[in-house]
Every structure is written in C-alpha cells, then in structure tokens.
Amino acid sequence: MPELPEVETIARGLRKGALGECLTGVEVRHRGVLIGSAEEFASQLQNQRLVAVRRKGKVLAVELRTSNGGVPRYLVVRLGMTGQFTVVPRHAPVEPHTHVRLLLGGGKNELRFRDIRRFGRLRCCTREELEAVLRELGPDAQEMTEEQFLGAMRGRRGAIKSWLMNQRLLAGLGNIYADEALFAAGIHPLAQPRRISRQAASRLFKAVRKVLDRAVRLGGTTFSDYLNAEGRPGAFLAKLRVYQRTGEACRRCRQAIRRIVIAGRSCHFCPRCQPRPRNVASMRGPRN
DNA sequence: GCAAGCCTGACC
DNA sequence: GGTCAGGCTTGC
C-alpha cells in the first residue's frame, strides 16, 4: 500500500525520469479516478511542463508550468490502496486498470496511472486549491518535531493505532508503518494516546522516524501491487516485524504475532513485546 | 470474506 | 469536537 515511503520513492523516481518533460497528450480511460471533469483535466494538463515534484504525507503534487511561465498548475495524485504512477516506454503494452496516460514530450515515454481498486484519485488544480488540500493534513511524519508529536497526542482518546493513521494529525502513516512503529516502540496498539507516558511517546516518535527512514532507503514495501515510478517493487517487505505475520514467531521474542481489528482495520502486534496497558479491556475477537 | 485509504454520516 | 462504522472497489 502506498504510504509515505512508497510515495516518497515515487516522487524521487519522477524527479529522475520525468522532470523537465512536457505533457503533449492526455488520455483518460476511466474518468471515475478524476476529481472534476475529464475535459477540463485534459485541457489543463496539455502542454504543461513538469517543473517540480512535491510530497506531503501520502499526497503527491507535480508542479506544472507552460513554457511561457505564467501561473503554475498542480497535478495532485493520491494513490489510494493499489495505485501505481509509473514512467513507461510509450509503446509498452497497456495493462488492465490503466486509467490515465500522459504522453511526455521527449517522445520515448509516458506517465501512466494504474489502479486496480480505484481508490486513488487524480486532480489538476491551482496553487490555492493544492494548499487547501495540504492544509487538511497534519505535519508530514518525517518532518514533524517531537514537540509537535507529543502535543498532538495530548488528551486524545481512542487507540494509539488509529491516532497514528489519522492524516489530520500526522500525515504519512498507513496500516503497515503504524503497526511496525508500535512494535518498534513496544507500545500496545490499543493504548490510549492521553495515557501514554512521555517516555513511551518519545520512543514512539523516534520509532516512527526510524521505520519510515529505513523504508524510504529500501524503496518502500511491496505487498501485492505497489511499484515505484520505474515499475519496480520495494524491498522493505523482508524487514517487516509484525505486519501480516499473524501466527508467526516474533523476531525478537518468538511469541506468536497476534491480529486484532481496531476501527475496522486489521492490526498486528506481539503480545509480549507490546504488553497490554492496564486501562485496556482484555482482547476478544478474531485471532488469525 | 478479506485487504485498506479516504470520505460520509451517525453518535456522544 | 472527537470517534468510529460503513461503503466504495477488485482480486485472491
């Protein structure tokens, strides 16, 4: 699933493989993945040059300018669950679920948005509209300071796992890295943010940073669908400690990894390395 | 039936 | 305001 490390990897790939190119053609094959009309989308992208690639949390924003300068436009990409945004040779076979093709002026390549589950969205917008989108997000998880992190936890109820995945509070974590960061910090996913000690919260802050930095270095995690901008998978899968390892031995203590459901999301943890806090009711529900 | 990001809407 | 269930979507 594209979370911060995957989106960052794609951003780097786009800077390498598409920056400076001009969009000379737009083909919308499935308009359901667009926000706004397909006609406007196509006409606004046509003849724009890719001048910068930005990222905040899981949101990717490609800055575009026409050759005579003028007002910038932004192609905003949210990859959802199975989205892929790749630079491929123009004549490569078009795979199923390819929803948008953007021809690059160089002639050799094109940008393709492919998304099996169609949770992803593309949008072309103004700087003001982009800023409104980014304002909805909390600080980027890699840029957030420890003070901001601790402050955002203050008084919060509910599960720390849900808190970590709330994009309005901190931007970038999804299910994989939330589970991995909680394991690295030795914190139970159902612990309440407001009851976590300062010491444990500080440990969690450092764990989030460490897990994300490491995943970025390895190009992200490919479970089933994720590919970077060059169409290649990430290597962090082999480093996962808990995510999708239900029943397997904890790599630290050999205890079996457990799975529970929190706010409708599966959650994986080690019951020994992440002991249950006193205030959390005993676990029930699915075990596999 | 399960995976999961994100949006909507219900509830306290 | 915060918190969370439900729905969207398709392949395994």
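Which residues line the largest cavity? In this predicted model, the lining is made up of Met1, Pro2, Met81, Thr82, Gly83, Ser224, Asp225 and Tyr226. By class, these lining residues divide into four nonpolar, three polar and one charged. The space inside the largest cavity comes to about 40 Å³, and the structure holds one cavity of 30 Å³ or more. Because domain 1 (4-135) and domain 2 (146-269) both give residues to the lining, the largest cavity lies between them.

**The surroundings of DNA strand B**

DNA strand B is surrounded by 17 residues, of which the closest are Met81, Phe119, Tyr243, Arg259 and Arg265. Of the atoms of DNA strand B that come within 4 Å of the protein, 56% belong to sugar and phosphate. The surface near DNA strand B is made up of five nonpolar, six polar and six charged residues. Met81, listed among the closest residues to this strand, is also one of the residues that line the largest cavity.

**The surroundings of DNA strand C**

Around DNA strand C stand His97, Ile116, Arg117, Arg118, Phe119, Arg156, Arg157, Gly158, Ala263, Gly264 and Arg265. For this strand, sugar and phosphate supply 66% of the atoms that come within 4 Å of the protein. Sorted by class, the residues of the surface near DNA strand C are three nonpolar, three polar and five charged. Phe119 and Arg265 appear both in the surroundings of DNA strand C and among the closest residues to DNA strand B.

**Polar contacts with the strands**

The table sets out the contacts with each strand, giving the part of the residue and the part of the DNA that take part in each.

| Residue and its atom | DNA atom | Distance |
|---|---|---|
| Arginine 78, side-chain N or O atom | phosphate oxygen, DNA strand B | 3.5 Å |
| Arginine 259, polar side-chain atom | phosphate oxygen, DNA strand B | 2.4 Å |
| Arginine 265, side-chain N or O atom | base nitrogen, DNA strand B | 2.5 Å |
| Histidine 97, polar side-chain atom | phosphate oxygen, DNA strand C | 2.8 Å |
| Arginine 117, polar side-chain atom | base oxygen, DNA strand C | 3.0 Å |
| Arginine 157, polar backbone atom | phosphate oxygen, DNA strand C | 2.6 Å |

On DNA strand B, arginine 265 approaches a base nitrogen through its side chain, whereas the partner of arginine 259 is a phosphate oxygen. On DNA strand C, the side chain of arginine 117 has a base oxygen as its partner, while arginine 157 places a polar backbone atom 2.6 Å from a phosphate oxygen.

Conventions: Residues are numbered from 1 along each chain as its sequence is written. Chains are lettered from A and ligands numbered from 1 in the order in which they are written. This is a predicted model: local features need pLDDT of at least 70, side-chain atom pairs count only at pLDDT 80 or more; totals for chains, interfaces and linings use all residues. Side-chain values use heavy atoms; hydrogens and water are left out. A residue is near a molecule or strand if one of its heavy atoms lies within 4 Å of it. A polar contact is a pair of N or O atoms within 3.5 Å; within protein, one must be able to donate a hydrogen and the other to accept it, and residues adjacent in sequence count only if both atoms are side-chain atoms. Ala, Val, Leu, Ile, Met, Phe, Trp, Tyr, Cys and Pro count as nonpolar, Asp, Glu, Lys and Arg as charged, and the others, Gly among them, as polar. On a 1 Å grid over the protein atoms alone, a cavity is a set of points where a 1.4 Å probe fits but cannot get out, and a pocket is an open set with protein on both sides within 12 Å along at least five of seven lines; lining residues have an atom within 4 Å of a point. Grid points are joined across faces, edges and corners, and a volume is the space filled by probe spheres set on the points. Domain bounds come from an automatic or database domain assignment.
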